[in-house]
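Visitor: I am new to this structure and should like to look closely at a single part of it. Please choose that part and take me through it step by step.

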Amino acid sequence: MKIYNTLTKKKEIFKPISEKQVGMYTCGPTVYHYAHIGNLRTYIMEDILEKELRYEGYHVKRVMNITDVGHLSSDADTGEDKMLKGARRENKTVMEIARFYTEAFFSDCAKLNIKTPDVVEPATNCIDEFIEMISKLLEKGYAYIAGGNVYFDTSKLKEYYTLSSHNEEELMVGVRDDVDEDKNKRNKTDFVLWFTKSKFDNQELKWDSPWGVGYPGWHIECSCISLKHLGEYLDLHCGGIDNIFPHHTNEIAQSEACFGHKWCNYWFHVHHLNDKSGKMSKSKGDFLTVSLLEKKGYDPIVYRMFCLQSHYRKPLEFSYDILDSVAAGYKKLRNRIAKLDKNGSVDMELAAEYKKKFIEVTGNDLNTASGITLVYDVLKADTNDATKRYIIKDFDYVLSLNLDAGEIANEQPSVDSETEAYIMEMIAKRAQAKKDRDFETADAIRDELAAKGIVLKDTREGTTYEIK
C-alpha cells in the first residue's frame with residue numbers, strides 16, 4: 001500500500017513497525033455541536049483508509065479521542081472553551097452537551113457507514129495520564145510554569161516545524177481565529193499544557209493537579225490517549241488538514257520531548273470541503289449536517305459516494321446540483337447491481353484478479369474514484385452475474401456504499417435548485433404568517449403548494465415537503 005506522508009511530503013510504501021500490525025490514531029470530534037459534512041469528509045476517508053488496510057490483510061487497532069474538555073475557540077490557547085460555549089447555548093451542563101453530541105456524532109457516522117474505532121476515549125477519562133506526561137516534560141526542562149499555567153517551551157526543540165513547513169518569520173499566529181498575545185509565553189509558539197483557575201474561573205470541569213485546580217490544554221490529550229492505547233511508537237496518525245498546525249505540530253513536539261525518540265512514522269491529512277463561499281465551518285452559523293441532507297431527501301450514503309469520487313488530498317466543493325447528479329448515478333448503479341442474477345457459480349480465479357486490480361488503485365494513496373470506476377468495469381465484464389455480484393460485494397467492504405442492498409424505488413422526484421429555492425421561500429413565508437397568527441395566509445400558501453404537487457409536513461424539527 002502507498003500513502004502520502006505529510007511528514008516527508010511524498011507518497012511512500014506503507015511499512016508498519018510490526019509486520020501486519022497497524023497502530024492507527026485519528027483525532028476525534030470536539031462534541032459541542034453537530035458535526036458538519038465537512039468534518040465528516042475526514043472521517044469518511046479515515047474509514048476508507050482503515051478498511052483498505054484490513055482488506056489488504058493488516059490487523060488494525062484504531063484509537064479515537066473525544067474532546068469533551070480543553071479545546072478553546074482558538075487553536076492557539078485563547079478564547080473560551082468550546083464545550084462551555086455549547087453548554088451556555090443550550091442551557092445544559094458540559095457533560096450533558098458532551099453525551100448528546102457524542103451520540104449524535106456516532107449516529108451520523110453509522111448513517112455514513114463509518115466504522116466505530118476499536119477504542120474511543122473521552123479526554124475527561126485521562127486526567128491522570130495528562131498530569132503524568134506534563135510532569136515528565138517539566139522534569140526534562142521542556143515545560144515551564146507562568147501565570148499559573150504550564151507551557152511547553154518550543155525553543156528547547158531543534159526543529160519545531162517538522163510537519164507544517166512553517167518558519168518563525170512566516171508563522172500563522174492562529175489557524176481559525178485572531179489570537180491575542182499571551183504575555184505569559186516565553187516564545188510566541190509556546191502552547192499551554194495545563195490551565196489553572198487563575199485564568200478561567202468560569203470553567204465547569206476542573207481537576208486538582210500539582211500546579212493548581214484547572215484543566216488540560218487541547219493538544220496534550222491526543223498524545224496521552226495514543227500512548228495509553230498504542231504505546232510510545234505509532235504507525236499512523238490521521239486528521240483534517242487544518243489539524244497540521246498547530247495541533248499535530250504540538251503533538252509531535254510534546255510526545256517526542258517526553259519519549260526521547262521519534263513518535264509517529266506516517267501522517268495522513270484530508271483536505272477541506274468547501275462551498276462557494278469557502279471552507280465549511282460551524283462559526284458561519286448555519287451549517288450542513290447529515291440530518292439536513294436527510295430532510296432534503298438524500299440518502300447519507302450519496303454524500304459518502306460524493307466524497308469518494310474525489311481524491312482526499314484535493315479540496316472538494318459541495319453543491320446540491322452536484323449532489324443531485326451523484327444521487328442519480330448512485331441510484332442507477334444500485335438498481336443495475338440489483339438486477340444481477342444471484343444464481344450460478346462464482347469464478348474465484350477472476351474474482352482474485354479483480355481484487356488485485358482493486359488493491360492496485362485504492363491501495364495507491366486511496367484512489368477511491370478509480371475504485372468506483374472498477375465497479376462499473378466489473379458490470380461490463382465477460383462473466384456471469386453471480387461472479388459480478390461477488391466481486392462488487394468484495395469491493396464494497398472498503399467502499400461501504402451498500403452496493404448490494406437492492407433496488408432504489410422512485411420515492412421522491414428530484415427538484416432543481418430554482419424549484420427548491422421557491423419551496424423554501426414559501427415555507428419561510430408560511431412560518432412567518434403563522435407566527436403573526438395570520439392563519440388564512442398560511443393556509444393559502446399550503447394550498448398553493450399542494451395544487452402544484454408539493455405537500456408540506458410540519459414536524460418538531462421544522463417543516464419539510466414531499467413531491468407527489
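Guide: What follows describes one sheet, a helix beside it and a cavity lined in part by one of its strands. This is a predicted model, in which local features need pLDDT of at least 70 and side-chain atom pairs count only at pLDDT 80 or more, while totals for chains, interfaces and linings use all residues. Residues are numbered from 1 along each chain as its sequence is written, and side-chain values use heavy atoms, with hydrogens and water left out.

The sheet is open, and its five strands are paired in parallel in the order β5-β4-β3-β10-β11. Strands are DSSP runs of E with at least two residues, helices are runs of H or I with at least four, and both are numbered from the N terminus. Two strands count as paired if DSSP finds at least two bridges between them. At the edges stand β5 (119–122) and β11 (264–270); each has a single partner strand, so one side of each is left without a neighbour in the sheet. On average, neighbouring strands are turned by 20 degrees against each other, direction ignored; the axes are lines fitted to C-alpha atoms.

Within the sheet, β3 (residues 21–26) pairs with β4 in the parallel sense over six bridges. Across this pairing, Val22 stands opposite Val60 in β4.

Helix α5 (residues 218–230) lies across β3, β4, β5 and β10 (234–240), where contact means heavy atoms within 4.5 Å. The helix runs at about 145 degrees to β4; such angles run from 0 to 180 degrees between N-to-C directions, and a helix axis is fitted over the stretch in contact.

Strand β4 (59–66) also takes part in lining the largest cavity: β4 and α3 (94–111) each supply at least two of the lining residues. A cavity is a set of points, on a 1 Å grid over the protein atoms alone, where a 1.4 Å probe fits but cannot get out, and lining residues have an atom within 4 Å of a point. Grid points are joined across faces, edges and corners, and a volume is the space filled by probe spheres set on the points. By this rule, one cavity of 30 Å³ or more is counted, and the largest has a volume of about 30 Å³.

Among the residues lining the largest cavity are Arg62, Met64, Phe105, Phe106 and Cys109. Helix α3 gives the largest share, three residues. The lining also includes Ile114, Lys115, Thr116 and Pro117. By class, the lining comprises six nonpolar residues, one polar and two charged; Ala, Val, Leu, Ile, Met, Phe, Trp, Tyr, Cys and Pro count as nonpolar, Asp, Glu, Lys and Arg as charged, and the others, Gly among them, as polar.

Conventions:
On a 1 Å grid over the protein atoms alone, a cavity is a set of points where a 1.4 Å probe fits but cannot get out, and a pocket is an open set with protein on both sides within 12 Å along at least five of seven lines; lining residues have an atom within 4 Å of a point.
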